[in-house]
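This report is written for a reader at the bench who wants to go from a single residue to the chain around it. Please keep the sequence and the structure open while reading.

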2 protein chains.
Amino acid sequence: MAGLGAPAVLKSAAAPRGYSWGEVEKMIARGNADGRLTVDDLPTPALLLDLDAFESNVEKMVRHAAGSKRALRPHAKTHKCAQIAKSLMRAGAVGACVVKISEAEAFARGGVTGLLLTSAMVGRHRIERAVALGRKQPDTIFVVDNAQNAQDMNDAARAAGIKFHVAIDLLVANRTGIQTGEPALELARAIDKLPNLKLKGIQAYAGGSSHVVGFEERKKHSHGTMTPAVETRWLIEKNGIECGWLSGGSTGTYNIDSEIDGITELQPGSFIFMDIDYNVIGGKDGPEYRDFRNALTVLATVISKPSREAAAVDAGFKAFATDRKFGPSAKDVPGLRYNWGGDEHGRLDLTQASRDLKLGERLEFIVPHCDPTVNLYDRMFGVRAGKVESILPIDARGMSQ
Amino acid sequence: MAGLGAPAVLKSAAAPRGYSWGEVEKMIARGNADGRLTVDDLPTPALLLDLDAFESNVEKMVRHAAGSKRALRPHAKTHKCAQIAKSLMRAGAVGACVVKISEAEAFARGGVTGLLLTSAMVGRHRIERAVALGRKQPDTIFVVDNAQNAQDMNDAARAAGIKFHVAIDLLVANRTGIQTGEPALELARAIDKLPNLKLKGIQAYAGGSSHVVGFEERKKHSHGTMTPAVETRWLIEKNGIECGWLSGGSTGTYNIDSEIDGITELQPGSFIFMDIDYNVIGGKDGPEYRDFRNALTVLATVISKPSREAAAVDAGFKAFATDRKFGPSAKDVPGLRYNWGGDEHGRLDLTQASRDLKLGERLEFIVPHCDPTVNLYDRMFGVRAGKVESILPIDARGMSQ
C-alpha cells in the first residue's frame, strides 16, 4: 500500500543470537539496506512504526477523502519524514502541510511537492527563504493574516520575478490568523490588488475542535468553528474575488469537516500514527476513538528493578513528549503504570500489572502525543512481524525555524 | 573564564542592515568563524546562552566546590555539549557525568575525559559498548545496582582484558539503584570478589531533594536522603572494602550536600543555565533561588497579532520542554503571559503586559526546564552584548540510547 517496506529483502532470517553492536551500527547507518535488522537488535529508546497499522490508517483516510470528494493534504509536522510524505502522495494525497520554512525546505530537498506552509512568513529572512522555495516549487502555498505582510510578500515576489500562491489564515483556533468576516474580506481585497500574489483561498485549522471529547460534542464544536470560515469564503466570492479552496479538518474532525459544504481540503496529521491524546476523544460509534490504529510506539528497556512492584525503563522526558496530562501506556502489559522518572527514565508501577518484568526486558509504549515525540528522534524504524523493514529518517527533526 | 567565546574576532561591527539568509546560513555552518553574526541575524526559535551569566555561574560553583573541598563532576545531560564540558574541566571540574552510553560515546568523541555514566549498563549491546569506551578511556566510571549485571560487566571486561571502575548506584530517588544498607553491602562484596571490576564507591543522586521548595525544607530532605547513603559508605568500609568516593548533590542541594561528611563529589547540572524550575525552589537567603543567573533563553518571533491583547510566537512544544507545570517566561516584558499554543506556537496574553508587541518583534523566554529543552536543538548560540561569540554544537542531542 503506502510502500514504506522493503519486501524483497525480507526472506533472510535474523542471525540466531543477534548481531554485535558494530554490525547493528553499520546496518542502521546503511539504512538496513540488506533487511537483516530485527526489532530485538535496536538500541533503546527507539521509535517504532508498525507498518501494517500505518498502511491501514493511510488507506482508510485516503478512501474517506476520496469518498467525500475532498482533497487530502496531510500535515507533515506529525512525521517530519519525506519518505512518509511521498508514500502518502503515492496513495492519493495532493501534497503535504508543514508549519515552518525550515521544515518546508527539508521536505523540498526530500522531493515533496504540493507544500502548504500553515504559518505566516513573518520574521527575519522568512520571506527571503519563501522566495527561494517559491522559485524552486511554484505550487507552494503560503498563508497570510496581515495586510502589511501580504504587501511585503508581494514586493519580494515582484523583485524576484515570481508569483506566490497565498491563502488567508483565519483565526479559528485562538492562535494565529485574521478575524473571519469583514477583516478577512478586506485582506482578500488587498491581496487581490497585489499583482504578485494569487489568492488560493482560505486556511482554517480548528485546533480547538480536534480534541473535543465525544463525537457529537466535537461535531457541534467543529460546525460552530468552521461555519464562520465557510461563510467568509462565500463572502469573499460574493464580492467578486475567486476563493475556491478551503483547507480544514484534523484527525479528530476529518469525518465531520468532510461533510461541511464549502470545505475543499483536509489537513489531518496524527491519523497515520495515532496517540493516546486522540484515543481518548471518543469515536463516532463508541466511547473510544478507534478509527485509526496505534502505529507508533517507543521501545524501552527495563534497566533497574529496585523491588517487586517497581522497575525503571530507559525512556523519560527526552524519549516522549510530555505536553499532555497522561503518560505513555504499555502496549502489551495490561495494568502496568508508567510514571515519569525525569529526563531519562520512566518509573514503572507493577502493583496492578498482569505480570512481572525482568531486568533487560524490552517493552513498547504508546505515546501520549505523537508529533512532538517524533521530533525527539533522528529516525523511525518501520517494523512488521518483528523485522525492521525500513529505516525512516526524520528529515525535518528539530526544524522549528 | 570558562572560555566559550571567540574574543579575538569581536571587533568587527555587524553590517548596518544585517546579512542575507544565504550569508547567515554560511556563517552558522562555519561556526561563526569570523565572529560577525549578531543575535538579530538568527533564525527563530533559537537557543541562546548568555555568556556573562554562564561564566559567572561556572565560577561560583567551581569556587564553592573548591572551598568545600569536594570534587566537581557536573552533569552533562544538561548541556550535551562537549565544548561546555571541556570549559568546565578547564575551570576545575574533574570530568563529566552522562546518563546513557550513546551520550558517553559522543562526549568521548568530543575529547571529554573523566566520564561517569549515572545509569547502569543493562540492555542489548550496552556492555559491549561499555567495553569499547572503557578500553578507550580507562578512567570511565560505570554504575551497577544488581549482582548479575556486575557479574556480566566483569565477564565482558575479562574477555576484553580490561578493568571497569564501578560505583554502586543507590536507590535514593525512587528510580534506579539498590537499597541502602545490607543489600548495597552485599553488592559491594560481590563486586569486591570480581577481578575485573574495581569498586570506586557510591553514587547517590537524590532527585527527590533537588526541587524541594524552601531552603530549610530542602536541607532536611537531603539530609534524610543522603544520611543512609553516607552510612552505607561507612558500612562497606567497616567491612573492609575500600569505598572512598561518594557522588551526590544537585543544583538544588550543592551547598547542602557539600556540608555532609562523607560525600566526596558533587554532580550538579542545571546551575550553568538555570531555569524556572530551579528559580522557584527558594534560596538560602530568600524566597527566590538566585544563586545562579538565568543564562539560557529561547529567542522567538511574534508572527501573528490577532488582537490588541493577543499575539502568537513561533515557539511551542517543539521549542520548549513541557514537563513542568509552568510555561516559559518572557525575559524583558513584565506582565506578559505565555500560554502553550500547540506544537509550533505560543499564545501571548498581553492583558497585563508592560507594553504592546509588534509583528516581527523578537523576544527572549526563560525556559521552564533546561535539560530537555536543550535536547530539542542542534546548537546553542553563545552571546554577549548582542553579538554571537560562539556556536556550540549540542553533540549528544537525541542520544538517549
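Does A:T322 count as buried or exposed, judged by its relative accessibility? The model is a predicted one, and in it A:T322 counts as buried, because its relative accessibility is 11% and the cut-off for buried is under 20%.

**A threonine between two chains**

A:T322 is placed in the loop of chain A that runs between β11 (310–313) and β12 (329–330). Leaving out residues up to four places away in sequence, A:T322 touches A:F317 and A:W340 in chain A, and B:T322 and B:D323 in chain B. With A:W340, which is 18 residues apart from A:T322 along the chain, the C-alpha separation is 9.1 Å. Two polar contacts lead across to chain B: the side chains of A:T322 and B:T322 are joined by one of 2.9 Å, and a polar atom of the A:T322 side chain lies 3.1 Å from the backbone nitrogen of B:D323.

**Chain A as a whole**

Chain A contains 12 helices and 17 strands. For its 401 residues a compact globule would be expected to have a radius of gyration near 21 Å, and the value of 23 Å for chain A agrees with this. Along the principal axes, the C-alpha atoms fill a box of roughly 70 × 45 × 40 Å. Of the residues of chain A, 61% count as buried, and among the contacts between residues at least 6 apart in sequence, 68% join residues that are at least 24 apart. The exposed area of chain A is about 14500 Å², of which carbon and sulfur atoms supply 50%. As for charge, chain A carries 51 positive and 48 negative side chains, and the centres of these two sets lie 3 Å apart.

**Buried positions in a strand and in helices**

A:V298 lies in strand β10 (residues 296–307) of chain A and is buried, with a relative accessible area of 0%. Its contacts, leaving aside neighbours within four places in sequence, include A:P45, A:A46 and A:L47, as well as A:A315, A:A319 and A:F320, and also A:L363, A:E364 and A:F365. The C-alpha atom of A:V298 is separated by 16 Å from that of A:G360, which is 62 residues apart from A:V298 along the chain.

A:T225, in helix α9 (residues 215–238) of chain A, is buried too, with a relative accessible area of 13%. Beyond residues up to four places away in sequence, A:T225 touches A:V172, A:A206 and A:S209, and with A:S209 there is also a polar contact of 3.5 Å between the side chains.

In helix α3 (residues 82–91) of chain A, the residues A:A82, A:I84, A:A85, A:S87 and A:L88 are buried. The elements of chain A that cover them include α2 (51–67) and α4 (101–109), together with the strands β1 (46–50), β3 (96–98), β16 (379–384) and β17 (387–393). After α3(A) comes A:G92, which has a positive phi, near 140°.

**Backbone geometry to check**

Most residues other than glycine have a negative phi, and most peptide bonds are trans. The table gathers positions that depart from this in one way or the other.

| Position | Feature | Value |
|---|---|---|
| A:T44 to A:P45 | cis peptide bond | omega near -5° |
| B:T44 to B:P45 | cis peptide bond | omega near -5° |
| A:A385 | positive phi, not a glycine | about 50° |
| B:N32 | positive phi, not a glycine | about 55° |

A:P45 is found in the loop between α1 (21–29) and β1 of chain A, and A:P45 is also one of the contacts of A:V298. In chain B, B:P45 has its place in the loop between α1 (21–29) and β1 (46–50), and B:N32 is likewise in the loop between α1 and β1 of chain B.

Which of the opposite words, buried or exposed, applies to B:N32, and which to A:A385? B:N32 is buried, with a relative accessible area of 3%, whereas A:A385, in the loop between β16 and β17 of chain A, is exposed, because its relative accessible area is 79% and the cut-off for exposed is over 50%.

Technical notes
Residues are numbered from 1 along each chain as its sequence is written. Chains are lettered from A and ligands numbered from 1 in the order in which they are written. This is a predicted model: local features need pLDDT of at least 70, side-chain atom pairs count only at pLDDT 80 or more; totals for chains, interfaces and linings use all residues. Side-chain values use heavy atoms; hydrogens and water are left out. Helices (H or I, at least four residues) and strands (E, at least two) are DSSP runs, numbered from the N terminus. The radius of gyration is taken over C-alpha atoms; the globule rule is 2.2 Å times the number of residues to the power 0.38. Buried means under 20% relative accessible area, exposed over 50%, partly exposed in between (1.4 Å probe, protein chains only). Contact means heavy atoms within 4.5 Å. Accessible areas come from the Shrake-Rupley method with a 1.4 Å probe; for residues, only the protein chains shown count as cover. Lys and Arg count as positive and Asp and Glu as negative; His and the chain ends are not counted. The place of a charge is taken as NZ of Lys, CZ of Arg, CG of Asp or CD of Glu. A polar contact is a pair of N or O atoms within 3.5 Å; within protein, one must be able to donate a hydrogen and the other to accept it, and residues adjacent in sequence count only if both atoms are side-chain atoms.
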